[in-house]
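Colleague: I am new to this structure and would like a close look at a single part of it. Could you take me slowly through the place where the two chains meet?

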Amino acid sequence: MQASFSLRQRATAWREVLSRPARFARYAGLGLVGVGCALLARRGTSWTRAGAAAGVLVVLLLAVLGWWFERHAGFEPGRVVRQVIRRTDRVLGEQALRLVRLMQRLTGELVTAPGSSNQGLTFATFQFDKLIEKASLERVRGAARRRAQLYRWVGAGCALVALAVGVWRSREIVEGVDVLWARGGRAPWPLFWAEQLRVQAQPPAYLRAPARRLLSGSAAMLPIGTQLTLRARPLYADRQLVVTDGVHETPFVSDGEGGLVAHYEVEQDRALTVAARFGDVLIAEPDPIQIVALADAAPVVSLDGAPATQQLRELSRLELRWWAQDDHGLRQVDLVLRSGNREERRVLGTYDDESARQRGGHVLSASDPFLRSLYLPAQISIEARDNDPVGGSKWGKSAIITLLPTAVGELEGLRYLALVRARDSFMEPIAVSAESLPPASSKAAGKAAAAELQQRFNARLESAAQGFEQALEESYGGLRVAPGLRNFALGRLRVLRAEKGSLAERSRSVEDLVLGLDGVLMSLAQRDAQRVSKILGNVAEEAMVGAQQAQSGEAPAPGLDRLDKAIYALAAGAAQLLVLGSLGNDIGSVALADLGRVSRARANSDWYHAELAARHLAERLHRPRPSFGASSSGGVEAGQSGSSEPQSGPGQGQGEGQGQKEFDELAQQITELARQHAAALEQVDQALSGARAPPDAAALREEAEQRAKEIRQAVQDLPEPGNSPGTPEAAAALARENARGMAHDLESMKFEQAADSARRALGALAEARAKGTGQSYFQGQLDGAKARVEEHLRWVQQQLEQQQKAARERARGLLQGPSALEDELAGKARDLAQRGDERASALPGEITDRLRQAEQLMQQAARELGRGEGEAGLARQREAQRLLEGADQGKPEDPDEGQEQQEGAQDGKNEGSGGAPFGGDVPAAERQNKAEEFRRRVIRSLGEGPVGRLAPAVKRYAEGLLR
Amino acid sequence: MSVRSWFARGRIQRGAARSRPRRGSTRSRRRRVWRALALLVALGLFGVGVALWRFQGRPAAATLQSLPELLRPVDLEALSNAITEMDVTRARQLAEQYQHAPLSVAQSHRLSIERARLGLYVGDCDSARATLAGLPLEEGEVAGLAQLAESCAGATAASLVVEDRARGIWLRLQDADDEPLVPYLVEVADKAREAVRVDLGVDLPRPLRIDVVRDLFSLSGVSGLPLEAAETTGTVAVARWGRVTLLSPRASRHGYPWQDTLAHELVHLGLSRATRDFAPLWLQEGVAKRQEQRWRPPRPFDEVDAHDRIAQRALLTGTSVGVDNLGPSIAMLPSADAASIAFSEVTSFINFWIRENGRAAFRLLLQDLKGLAQRDPNEALRGVSGYNLSEWNLRWQTWLRTVQPVTPPPSRIAGGSPELGRVRVGDLLLRGQYYDAAARNFAAALAHAPQSSALRFRASEADLAAGRAALAEERLGELEDLDGPHAGWFALRGRFDAEAGNTEAAEAASTMALSLDPWSELVACEGHQSGLLGGDPWQLPDPKDATRQKLCAMARARPQVH
């Protein structure tokens, strides 16, 4: 249905008047809504941003729709009647609308029933036009003008409000728009938030670097842990400003002076910027500070000669020279020893001064316990730790030196076999002595034959003795013969060489020597076998763990590797164990048997039984006892009592057991003598200290203080320090200071130091006097001071003499007892030296010489002490003590065995019967006593001040403590 | 058809049926039905009752297949007895049967313990360990068994097992190097088993299980004997858990009489089987000691009356241990001397008892002991012989006091002790190949102790090495000159006899030597030793017997003690 002409006319007139005001009102309203949306979005939360976005979309939609409708406005009768006629004349418009509806119905019927008459429609159209024309064009335009006026008012209002808000809160609107367009919590357009931004970078304290200032928009390389302090003045109030690196943010807080401050710690490379937070959204400033984080690098460690591979057997000592360098500072340097799963770290140095470069050296002996218990290749390296407290200390590691181990027990085996061979070489002179002389044709021929036999005996004996001495001195891959054993053997050899007699008698002596050595070697072999067995027990445990790992299923390869290596080491070690005497042979053969089980299970991929067998072997080897009891020769279960074999095994020969016992007793007595003498020395020292204490100290102190005052008064007019050196004033000032020092010493009752100060003061006064010829403005003071100082020096010397005399008198009484004791101890030393020359308990010559020298010194000391000459006596005592300690026999076992034995004792187990052929570990207690005695001496000396012969040492010690 | 019409029709049909004249037969049928129902209920109640009784209040639904077994009561005591008597086949059957039967918690626990025991009895320590792993270790018996199974599994893991099926001997060798000794072990075990059968009337199980271990540590681990006790008394074998655990002769540097020891332990097994382990200790040890030499012909130094002599001396000197004062085991006595006296006393006592009562009475005693419900054997003793133990002890001591003291052969006590120092020097000289000097040394020592078999052996050895064969044989002397057996002496004796063509004597000497120290090269190689008595080691004569050859080769490979 088409609009009639009159209706079109009126619609056109309406739109001509109203279109522009309506558009103005619409756009003003939309603008206002847009501003509202921006302000809403500025809150930054998800909901508000969604609401604002929806509002903006609605505004846009409405704008588009308005434009579209405006462009495509048609003349549909009903709509035009409602829009134009009804707004012009409401009654007329209602009537027209009714007619429109009628016309629409009629039109519809005409469509559905084309044959029907359209007469009604024609009539209705006529009526409609007539009705429309009742609303004149002027009326329509008038009504349109009234409405246009309303639109103008509304549009103006909206425009005014929008303009006002836009002017008043333009920043917020911009922020809101920025927030509205944010993606991932970051607004797209940066904005400035602060002015006068100052960034202070303070590196971590351990770097000891000064703070520096960073410029906004710059790039800076900063150590990790650097603290940044950002100070700024905010451009706008009520903004929540933060400093952010994109991941972390730190809020600005008020600095109390109208500014803001924030702190930030550098952790990694970041772009640092100031930003404002709106809800979930950040709006950053345009110029970030680019920060490059400098990590604290691990120390670089260099080990001379590394990487390298060395055979442990060929090594007697491994010198490790290293240097370590860090970019900031070093805290600690360790020597790291690794073998298999074992790791041992030894601190080579700790550095508090945190210097960045250190160098040093360390010597690793082949007899080091770690190396001696080695059965897998060892990696030796130096590791250094830096001082980084921020990211945690980092270790730098040097290249490694690989030590290929000898088989477990190989060195012990080498040593034992060498000693056994050396022992067996004594059988040759015995065999020579057993030779029967050929029937001689004459007496002379008989004598010549006997002499020849004697000569051969002597030559063989000397050769054997030299061979044995060489075997005693030899180093077996760094392993040496223990001092106790060595001294025992050397003592016996010394006596044997010095012995005179018939061939038979000397042969008998050689037999005794052989038996003695035999017993000692058996003990050595037993100890070595026990030690090696325990180490092999650890290897067996390694095999056990390897088999366990191999059962894990998922990754059996490392376990298998471990098992195979352990089996290899076990086989090699067990083979070495076999040579270590009867116990070693026994345990070694047991180990090989059990190792056969482990290997059999390994070959069958039966890890479970390999583990069980290895565990059994480990337990067995950790219990190094004979398979069948030490003394059993047969079972009691059945049969005869076993073989009638006499227990003639090594170590049970006639005489040698007694010889060992006597040597053992002698060694213990020497150690005991050294200990007793140390106690006597301590007693004398204490007596002398007690004798030095001045009597009536209160009266003396009072007088000394009085004299100190007089000295100060006497020198107070002398020139003050600060004059040019070499001038009389400088010398006089020096005299003044020395005199004041004397006064101070007097107040402290240190008369010896006071006398020294006085002498220095007099010397300086004399110098000032000599240099000051012709300059007499303080000549009088010099003379006066000199007189006073000399007077007080005389008094001090007098006091010292009196004190020394009194101390000597007191000491004479106190030292009578120690003198008698010293004399007694000297007698003991003489007896021990004599016993050291006897065959049964022979000692090396150097030991007996030391004992005799000590005895003489002790006698001198006793005489000095008896005369009351305490200091002199004490000096002799100290010399004697050093000799006595030098005569100490040392341990019969290897250096690291004592500790193992102590550990064994702690376990409450006494493994084996021959662990200590020369008795218990007496020297250890002695060492303890010495350490305690030294500690007491040092503490007392520190309390008394640095006096006496040990004063420099005490001073160095005290300085060391302070360091 | 509607429901209502259907209902009406049913009523009509029921009315028609009611009108039929068959009332009496219906009643009888109903009665039969009731009877059948009652029978079924009764059977059901009976079944429930059986199940309640069978499972001790634990009702379960039994399948028809298991009904015969369900009606059979569970007798774990029978299983335990079968294990103790080493009836492995029956024990396995019972264990299998009870394993599939539903049991109470207590029964299941007990069954697990018995299965673990069975594992130990058949030498399967792994399965015993696994069985016990599931049981709580708080219980003393379980903890003890678990510890034993653990140590046994470790000591026997991957050991070499050799079985002689024909003779029914099963050997497990911890040290595979002991394999050449197996034929000798089997021979001794077979003969000793036969002797036990003949003398005691007890058939030892087949296979007879023997564990040969390498040291006392393993002996303790396999047998459960405390290690300290084994070391104190020098125990070399243990018969426990249905097996003999024997220390390998190579464990001792100079060997030990392993053959008689094995026979001794087999007697223990036989007695345990015959008496269901109710034989008291004095009976066990006394009979074992009595029987240990009866499996073989007499040998030198078999002192039949030595036990009476030692017991008499102990009784008179107050060092007697006492038949009834042996403690838990002779191996756990405080010293080897005490153990030795105890062995002699119980042997003398048993000899006396059998002499007084006869062998038949002894077999009856064994049968009586088997039925004992408690450990006290006095009831059985009184029942068989009329006296209890203390009364027999008194009678034996009385007899012992009346016996004339038996003096040992003069050579056994004459002479002094060897000078050990001189012997050692001689050994070193011999090892250093100073044969003449060594021979002089030993000759001088022999003059001081001419009865010492060890010294005679050494002197002979040194002379032989020096090439003086005649003098060597002279130095060796005769059996009558010796104070005791020495493996080396018999080995050289065998060599000399063989070289003289006296094959029988050589064989006897060689066997004697073998019984003392089979792993001595001199013994295994029939009097020849590499580097000493055989000259060129590549020209050493090997034994003719193939078995002995293997033994000799292995003995030569044995590492030397330095």
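Modeller: Please keep in mind that this is a predicted model, and that what follows concerns the interface of chain B and chain A. On the side of chain B, 76 residues are in contact with 64 residues of chain A, and the area buried between the two chains is about 5600 Å², with carbon and sulfur atoms giving 56% of that area. If you look for the residues of chain B that lose the most area to chain A, you will find B:Phe217, B:Arg424 and B:His562, which together make up 12% of what that side buries.

Turning to the charged and polar pairs, seven salt bridges are found across the interface of chain B and chain A, and among them is the one that B:Arg431 forms with A:Asp424, where the closest N and O atoms are 3.7 Å apart. Polar contacts between chain B and chain A, counted where both residues have pLDDT 80 or more, come to 18 residue pairs. As for the elements that supply this surface, helix α20 of chain B, covering residues 420–431, gives the most to the side that touches chain A, with ten residues. Sorted by class, the side of chain B that touches chain A holds 34 nonpolar residues, together with 20 polar and 22 charged ones.

Conventions: Residues numbered from 1 in each chain as written. Chains lettered and ligands numbered in written order. Predicted model: local features only at pLDDT ≥ 70, side-chain atom pairs only at ≥ 80, totals over all residues. Heavy atoms only, no water. Contact = heavy atoms within 4.5 Å. Buried area = accessible area lost by both parts, 1.4 Å probe. Salt bridge = Lys/Arg side-chain N within 4 Å of Asp/Glu carboxyl O. Polar contact = N/O pair within 3.5 Å; in protein donor to acceptor, adjacent residues only side chain to side chain. Helix = DSSP H or I, 4+ residues; strand = E, 2+ residues; numbered from the N terminus. Nonpolar A, V, L, I, M, F, W, Y, C, P; charged D, E, K, R; others polar.
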